[in-house]
Amino acid sequence: MKITVFGSGYVGLVTGTCLAEVGNDVICMDIDETKIEKLKQGIIPIYEPGLEAMVKENQEAGRLRFTADVKEAVSHGLFQFIAVGTPPDEDGSADLQYVLAVAKSIAQHMEGYRVVIDKSTVPVGTADKVKEAIIHVLKERGKNDLEFDVVSNPEFLKEGAALDDFMKPDRIVVGTDNPRTAELLKALYAPFNRSRERVITMDIRSAELTKYAANAMLATKISFMNELANLAEKLGADIEHVRQGIGSDSRIGYSFIYPGCGYGGSCFPKDVKALERTAKQVGYQAELLNAVENVNDRQKKRLFEKIQHHYNGNLKGKVFAIWGLSFKPNTDDMREAPSRVLLEALIDAGATVRAYDPEALEEAKRIYGNKKGLIYTDDQNEALENADALAIVTEWKQFRSPDFDYLSQNLRDKVIFDGRNMFEPAFVKQNGLAYYAIGR
């Protein structure tokens, strides 16, 4: 099948590459010509395990191409995926300008039937706006007779596991009001359905809400566990024992009940805010969503609060090693990352930060440049040089089994602040280190 994907960022590039992987003829279009030229050379703009190799493989096979030519892109694909960004507006609602710009571009150049597929995370009612934008441009062109359908097909990709999520999905949600279009989408996704039927068809607005509902539910579980962790500290309980106790209940399960120093990334913070604003627009006060957001904002400050308490508020001249800058492992994404809250607070308090992350150092340099008080290091032990204390913010696997003797010898104040509960407190203390975790 011939497929066009507008947007070559995280969602667009993964979508286009995985669809090419199963034999489709795919063009990824982006208005950023520099990015397109790099992609043609096999240089991808994001870190995602396995993606670079899959892009190269499908390029060499001729199944995946990149272009900045809108006309070429629209002419190519029966399926026109919209996978551009929907950044939060000033009030937290999703900014649809890029989505609607793509819709108008498709309408400007289409000469035959097209299936326009919203892959971007968009508020309920966006498909209606996309449809209106296309109709308006077609009328201006005098092409009212051209047929098209608009479909909501939200993505459910986890950064760090996106290829597996696309190739072996839990479900494929298709929102459409046209039975014929539903069959076309089922045919498109047939290669991902070989072991069982994963396509769930529904009306468009329900599909749009499903994406936000899924992310808001997962964010709620995280904030709830962080609330319990803070309570456990006050009550003298251990949240890790509580987590095991409630996770063993099959109605609750173990997924997303790990307490820590808050969630970040491009999805959860943005989508919770957007859903809350959507509720306000229809006159509903979504109190739980507001609480989820507030708890997370507060949780990102917990490590700094623990550090301040340990040092009695006197951090001037102190040096802190930070392990982990990305918002989660297996990505270089630092959007809304808890590390940013911590390192900025430490530097503002007069401390120096020696930061290390296996993948996000370049992103940190892009964000902070030569920020005073921030030193980038090339490995985790280099971050410990002349450090008074260690703070762990991202649970990369390589941080799970450090040399505690080395830590004890090299940390001047012999203290670890663990924002991801990676170690057993008793074991760390046996090695002569003070240990602060979350809810323990």
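**View A. At a relative accessible area of 47%, Gly-313 is partly exposed.** On this scale buried is under 20% relative accessible area, exposed is over 50%, and partly exposed is in between, using a 1.4 Å probe and protein chains only. What you're looking at is a predicted model, so local features need pLDDT of at least 70 and side-chain atom pairs count only at pLDDT 80 or more, while totals for chains, interfaces and linings use all residues. Residues are numbered from 1 along each chain as its sequence is written, and side-chain values use heavy atoms, with hydrogens and water left out. Back to the glycine: Gly-313 sits in the loop between helix H13 (302-310) and E9. Helices (H or I, at least four residues) and strands (E, at least two) are DSSP runs, numbered from the N terminus. For a sense of the fold around here, Gly-313 and Asp-413 are 100 residues apart in sequence, with 15 Å between their C-alpha atoms.

**View B. Pro-329 lies in the loop between strand E9 (319-323) and helix H14 (338-348).** Is this proline buried or exposed? With a relative accessible area of 16%, Pro-329 counts as buried. Leaving aside residues up to four places away in sequence, Pro-329 touches Glu-159, Thr-394, Glu-395 and Trp-396; a contact here means heavy atoms within 4.5 Å. Take Glu-395 from that list: Pro-329 and Glu-395 are 66 residues apart in sequence, yet their C-alpha atoms are 6.1 Å apart in space.

**View C. Tyr-189 follows the same kind of loop story, between helix H8 (179-188) and strand E8 (199-202).** Tyr-189 is buried, at 2% relative accessibility. What does Tyr-189 touch, not counting residues up to four places away in sequence? The neighbours are Phe-81, Lys-119, Asn-153, Phe-166, Ile-172 and Val-199. If you zoom out from here, the C-alpha atoms of Tyr-189 and Lys-316, which are 127 residues apart along the chain, are separated by 57 Å.

**View D. Thr-377 is in the loop between strand E11 (374-376) and H16.** Its relative accessible area is 0%, so Thr-377 counts as buried. Once residues up to four places away in sequence are set aside, the contacts of Thr-377 are Arg-354, Ala-355, Tyr-356, Leu-361, Glu-382 and Ala-383.

**View E. Two residues other than glycine, Phe-256 and Asn-386, show a positive phi.** Most residues other than glycine have a negative phi, and most peptide bonds are trans. Phe-256 has its phi near 60° and belongs to the loop between helix H10 (239-247) and helix H11 (268-281). At 30% relative accessibility, Phe-256 is partly exposed. The phi of Asn-386 is near 60° as well, and Asn-386 sits in the loop between helix H16 (380-383) and strand E12 (389-392). Is Asn-386 buried or exposed? It is exposed, with a relative accessible area of 53%.

**View F. How many disulfides turn up in a search of the whole structure?** The search finds 0. Cys-18 is in no disulfide, and the nearest cysteine sulfur, that of Cys-28, is 11 Å away. The same holds seen from the other end: Cys-28 is in no disulfide, with the sulfur of Cys-18 as its nearest at 11 Å. To count as a disulfide, a pair of cysteine sulfur atoms has to be within 2.5 Å. Cys-18 is buried at 0% relative accessibility, and Cys-28 is buried with a relative accessible area of 0%.

**View G. Pulling back to the backbone, the chain has 18 helices and 14 strands.** The radius of gyration is 24 Å, close to the 22 Å that the globule rule gives for 440 residues, so the chain is as compact as a globular protein of that length. That radius is taken over C-alpha atoms, and the rule is 2.2 Å times the number of residues to the power 0.38. The C-alpha trace spans about 75 × 45 × 45 Å along its principal axes. Of the contacts with a separation of 6 or more, 72% are between residues 24 or more positions apart.

**View H. For the surface, 54% of the 440 residues of the chain count as buried.** The accessible surface comes to about 19800 Å², and 48% of that belongs to carbon and sulfur atoms. These areas come from the Shrake-Rupley method with a 1.4 Å probe, and for residues only the protein chains shown count as cover.
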